[in-house]
Amino acid sequence: MEESMGIELREFLFEGLLQLLKGDTVRRKRAPEYAYVASLQGNSISSLVRADDRWKSIEERMPLKSPTYLVRSQCGRFLYVASSLTDTVSAFRADDGGTLVRLNNHSSDKQPESMAACPAGRFLYVGNSLGSSVSVFALDRNGMLSPPKSYPTKAGGHDVAHHPK
């Protein structure tokens with residue numbers, strides 16, 4: 001009896017594998033992917049969309065003075081941009097077509113150069129190279145920035161990393 005149970009289990013697994021393979025033979029269209037490019041000289045952010053294994057530019061650009069550093073939220077719905085010449089950080093929401101919608105912005109310390117978003121989506125850390133500080137922005141569930149709290153560092157904040165815990 002034990003041997004027949006083993007055979008039945010193998011047949012069940014084999015049939016399930018065949019069904020899975022048959023279902024996977026239908027080619028599914030992948031959801032589009034988006035990428036964003038900061039242009040310091042162009043004072044804008046360009047959006048790119050990847051569909052059917054090709055990248056193409058979305059015609060509309062988001063105007064923004066001196067964007068120097070970009071970081072996406074863990075969920076991918078929000079984009080944060082540091083502008084080092086204006087000492088600001090801006091928040092954007094990416095709509096379903098990849099177009100950016102401006103949410104808000106706040107002043108950071110002098111010359112924000114790098115950013116890291118916490119994986120839980122609660123905070124954005126900004127390294128300020130001339131301010132020798134790290135600015136911490138709380139993020140709400142809609143991706144908006146709160147006014148930052150700045151913490152001095154002994155040297156300029158050229159890069160920021162966040163520990164996952």
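What follows is a chat between a colleague and a modeller about this predicted model.

Modeller: Ground rules before we start: the model is predicted, local features need pLDDT of at least 70, side-chain atom pairs count only at pLDDT 80 or more, and totals for chains, interfaces and linings use all residues. Residues are numbered from 1 along each chain as its sequence is written, and side-chain values use heavy atoms, with hydrogens and water left out.

Colleague: Fine. What makes up the secondary structure of the protein?

Modeller: One helix and 11 strands. Those are DSSP runs, numbered from the N terminus: H or I with at least four residues for a helix, E with at least two for a strand.

Colleague: How do you know that strand 5 and strand 6 pair?

Modeller: Two strands pair if DSSP finds at least two bridges between them. Six bridges join strand 5 (residues 78–83) to strand 6 (residues 88–94), so they qualify, and they run antiparallel. One detail: Ala82 has Val89 of strand 6 as its bridge partner.

Colleague: Which sheet do four strands form, and in what order?

Modeller: An open one, ordered 4-5-6-7, with antiparallel pairing.

Colleague: Why are strand 4 and strand 7 said to stand at the edges?

Modeller: Strand 4 (67–72) and strand 7 (100–107) each have a single partner strand, so one side of each has no neighbour in the sheet. From one strand to the next, the twist averages 25 degrees, using lines fitted to C-alpha atoms as axes and angles from 0 to 180 degrees between N-to-C directions.

Colleague: On to the cysteines. Why is Cys118 called buried?

Modeller: Buried means under 20% relative accessible area, exposed over 50%, partly exposed in between (1.4 Å probe, protein chains only). Cys118 has 6%, so it is buried. Cys75 has 51%, so that one is exposed.

Colleague: How many disulfides does a search of the whole structure find?

Modeller: Zero. A disulfide would need a pair of cysteine sulfur atoms within 2.5 Å.

Colleague: What makes Phe123 and Tyr125 a tilted aromatic pair?

Modeller: Rings of Phe, Tyr and Trp (its six-membered ring) pair if their centres lie within 6.5 Å; planes under 30 degrees apart are stacked, over 60 edge-to-face, and the rest tilted. Phe123 and Tyr125 are 6.3 Å centre to centre with 40 degrees between the planes, so they are a pair, and a tilted one. The structure holds one aromatic pair.

Colleague: And is Phe123 buried, exposed or partly exposed — which?

Modeller: Partly exposed, because its relative accessibility is 25%. For the whole protein, 32% of the 165 residues count as buried.
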